[in-house]
Amino acid sequence: MEKAKKIFGRAMTVLSVVIFIFGLVIFVSVLNASAGKVPSVFGFSILQVRSGSMEPEYMTGSVVVVKKTDVTKLKIGDVISFYSMDDTISGKVNTHRIIRIDYMIDGDEPIFTTQGDRNELPDSEKVHSANVIGKVVCDLGTASGTVISVLQNPKVIFFVIILPLIFITFSEAINLVTLIAKHKYGQEEDDDEPHAEEKN
């Protein structure tokens with residue numbers, strides 16, 4: 001029974017740490033994306049679609065996974081996330097489909113013309129390679145978007161993630177101290193026991 005409790009306690013600790021880190025990464029990613037800074041973990045970024053320009057493929061509020069990609073390997077039809085130079089959303093993140101690829105005079109740097117699937121016209125500003133965040137590789141759906149919206153509330157983060165993590169960590173610390181005390185007490189008992197006399 002005691003062994004099962006220990007295993008359960010450790011599993012809960014690991015799970016809480018994973019949930020905490022995942023929640024923190026999502027929270028920071030969304031906040032930074034709004035500020036024009038998108039962090040990546042192992043080359044992947046998590047972004048939330050904030051408009052209906054890519055519907056019905058990517059619905060408003062859905063979450064997409066963006067992978068950092070070599071811009072020279074991008075092709076027409078790919079959906080990319082990028083820092084937009086459009087005056088109306090300048091510097092913010094946009095996610096649209098590549099409809100045309102041009103190149104600089106030297107032929108090395110591709111320049112992308114993008115357009116939302118639902119938009120009638122292409123984006124007014126072309127996308128330079130330096131502004132490309134990556135290619136959309138996965139759609140996590142609107143349910144994930146709802147989770148992210150909830151996680152943006154600091155109170156939710158505290159009560160759902162941080163507080164349970166603190167509680168479990170504190171419980172594990174108490175268990176550790178108890179185990180150390182028992183081990184030390186057991187050693188003292190062994191030292192106090194009379195040793196059997198050696199027989200000649």
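**Sheet architecture, nonpolar cores and a surface patch**

In this predicted model, seven strands are arranged as an open sheet that runs in the order E1-E2-E7-E3-E4-E5-E6, with antiparallel pairing. The edges of the sheet are occupied by E1 and by strand E6 (127-128), each of which has a single partner strand, so that one side of each remains without a neighbour in the sheet. For E1, which comprises residues 44-48, the pairing with E2 is antiparallel and extends over five bridges; within the sheet, Ile46 is placed opposite Val65 of E2.

The largest nonpolar core consists of ten residues, namely Val38, Leu47, Val49, Met54, Tyr58, Val64, Val66, Val79, Ile133 and Val136. At least two residues of this core are supplied by strand E2 (63-67), and at least two by strand E7 (132-140). A second core, separate from the one just described and made up of eight residues, includes Leu74, Phe82, Phe112 and Val132.

A nonpolar patch is also found at the surface, where Val41, Phe42, Phe44 and Val137 together form an area of about 430 Å². Of these residues, Phe44 belongs to strand E1, and its relative accessibility of 37% places Phe44 in the partly exposed class, because that class lies between the 20% limit for buried residues and the 50% limit for exposed ones. Strand E1 thus contributes Phe44 to the nonpolar surface patch, and E1 is also one of the strands standing at the edges of the sheet.

Conventions:
Residues numbered from 1 in each chain as written. Predicted model: local features only at pLDDT ≥ 70, side-chain atom pairs only at ≥ 80, totals over all residues. Heavy atoms only, no water. Patch = residues over 30% accessible without salt bridge, like charges linked within 9 Å, V, L, I, M, F, W, Y side chains within 5 Å. Areas by Shrake-Rupley, 256 points an atom, 1.4 Å probe, with all protein chains shown as cover. Salt bridge = Lys/Arg side-chain N within 4 Å of Asp/Glu carboxyl O. Helix = DSSP H or I, 4+ residues; strand = E, 2+ residues; numbered from the N terminus. Buried < 20%, exposed > 50% of the residue type's maximum accessible area, 1.4 Å probe, protein only. Core = buried A, V, L, I, M, F, W, Y, C linked by side-chain atoms within 4.5 Å. Pairing = 2+ DSSP bridges.
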